[in-house]
Amino acid sequence: MPSVRIADSRRLAVTLLRGLCVVAVLGAASCATITGSDPGARTPGVIFDDQGIEWAAGGAIREASEALRGSQIRVTSFNGVVLLTGLVPEASLKRAAQQAVEENVRKVRRIHNEIEVGPPVTNVSRINDRWLGTKVKTSLVASEEVDGDRVHVVTRDGVVYLMGLVSRAEGDSAADVARSVVGVQKVVKAFEYVDAG
């Protein structure tokens, strides 16, 4: 698999450069000021860590077994909270994917394993998911009750997963907005809440 590793290395290099550019532009003091006023914001360092987690987790899953190497699993990390979505042909692979992340990836604080057992999705389904995710994100940004920039949207087979650092009220509002979008089959909240309770 050398070509995959080279591609992953290039992707990581681009991610590193982007992260450094953000820090260089904002400066350490500016970053602290910005994030200190908003408990739902991630620092450039946390964003960088999340990208590293996604890259490392994807590699760990592919290396865990030949069956997982060819599976359709997507890893999304937000503030160290990892969401695993996609499809595998049998339940044991769902557990194996989570175990690969738990045992091999640092800085993961929690894992939401939403991998399903079933046949691979078609390219048409993937395109529909991208379109659905765009519609949900647009609705969130347009909403007056939700700061759409603080909510990360992942779509898979008509299911919308919402991630982010939000208050419980914001999380509920975001879920309501997502449910109202035509084509959404189900909404799963994978938020981390900034308020107590």
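1. Two strands count as paired if DSSP finds at least two bridges between them. Keep that in mind for this predicted model, where strand S2 (residues 81-88) and S3 run parallel to each other and share four bridges. For a landmark in this pairing, look at Leu83, which sits opposite His112 in S3. To get from S2 to S3 the chain passes through H5, and the resulting β-α-β crossover is right-handed.

2. Now the overall layout. The chain has 197 residues, and 40% of them are buried. Its secondary structure adds up to seven helices and nine strands. Among contacts with a separation of 6 or more, 67% join residues 24 or more positions apart. As for the outside, the chain exposes about 10900 Å², with carbon and sulfur atoms supplying 55% of that area.

3. Next, the inside. In soluble globular proteins, nonpolar side chains tend to be buried together. Here the largest nonpolar core holds 17 residues, and the members that touch the most others are Val136, Leu140, Val151, Val160, Leu162, Ala174 and Val184. Which elements supply at least two residues each? They are helix H6 (123-142), strand S6 (159-163) and helix H7 (168-179). H7 is the top contributor, giving four residues.

4. If you want one residue to click on in that core, try Leu162. Leaving aside residues up to four places away in sequence, Leu162 touches a list that includes Leu140, Val151, Val153, Ala174, Ala175 and Ala178. Val187, Val188, Ala190 and Phe191 are also among its contacts, and so are His152 and Lys189. Elsewhere there is a second, separate core of 16 residues, with Ile53, Val82, Ala97 and Ala100 among them.

5. On to the charged pairs. Side chains of opposite charge can pair when their charged atoms come close. The count of salt bridges in this model is seven. The one I'd show a newcomer is Glu192 with Arg109, where N and O are 2.6 Å apart. This pair ties together distant parts of the chain, 83 residues apart: Glu192 belongs to strand S9 (residues 192-193), while Arg109 is in the loop between helix H5 (91-104) and strand S3 (110-113).

6. Is Glu192 buried or exposed? Buried means under 20% relative accessible area, and Glu192 has 17%, so it counts as buried. Its partner Arg109 is partly exposed, at 49%.

7. Two other salt bridges are local. In helix H4 (residues 66-69), Glu66 and Arg69 are three residues apart, about one turn of the helix. Their closest N and O atoms are 2.8 Å apart. Glu66 is exposed, with a relative accessibility of 61%, whereas Arg69 is partly exposed at 26%.

8. Helix H7 comes up again here. Besides giving four residues to the core in point 3, H7 carries a salt bridge between Asp176 and Arg179, with an N to O distance of 3.0 Å. Why are these two about one helical turn apart? Because they are three residues apart in the helix. Asp176 is partly exposed, with a relative accessible area of 48%, and Arg179 is partly exposed too, at 45%.

How values were computed:
Residues are numbered from 1 along each chain as its sequence is written. This is a predicted model: local features need pLDDT of at least 70, side-chain atom pairs count only at pLDDT 80 or more; totals for chains, interfaces and linings use all residues. Side-chain values use heavy atoms; hydrogens and water are left out. A nonpolar core is a set of buried Ala, Val, Leu, Ile, Met, Phe, Trp, Tyr and Cys residues joined through side-chain atoms within 4.5 Å. Buried means under 20% relative accessible area, exposed over 50%, partly exposed in between (1.4 Å probe, protein chains only). Contact means heavy atoms within 4.5 Å. A salt bridge is a side-chain nitrogen of Lys or Arg within 4 Å of a carboxyl oxygen of Asp or Glu. A crossover is right-handed if, with the strands pointing away from the viewer, the path from the first strand over the helix to the second runs clockwise. Accessible areas come from the Shrake-Rupley method with a 1.4 Å probe; for residues, only the protein chains shown count as cover.
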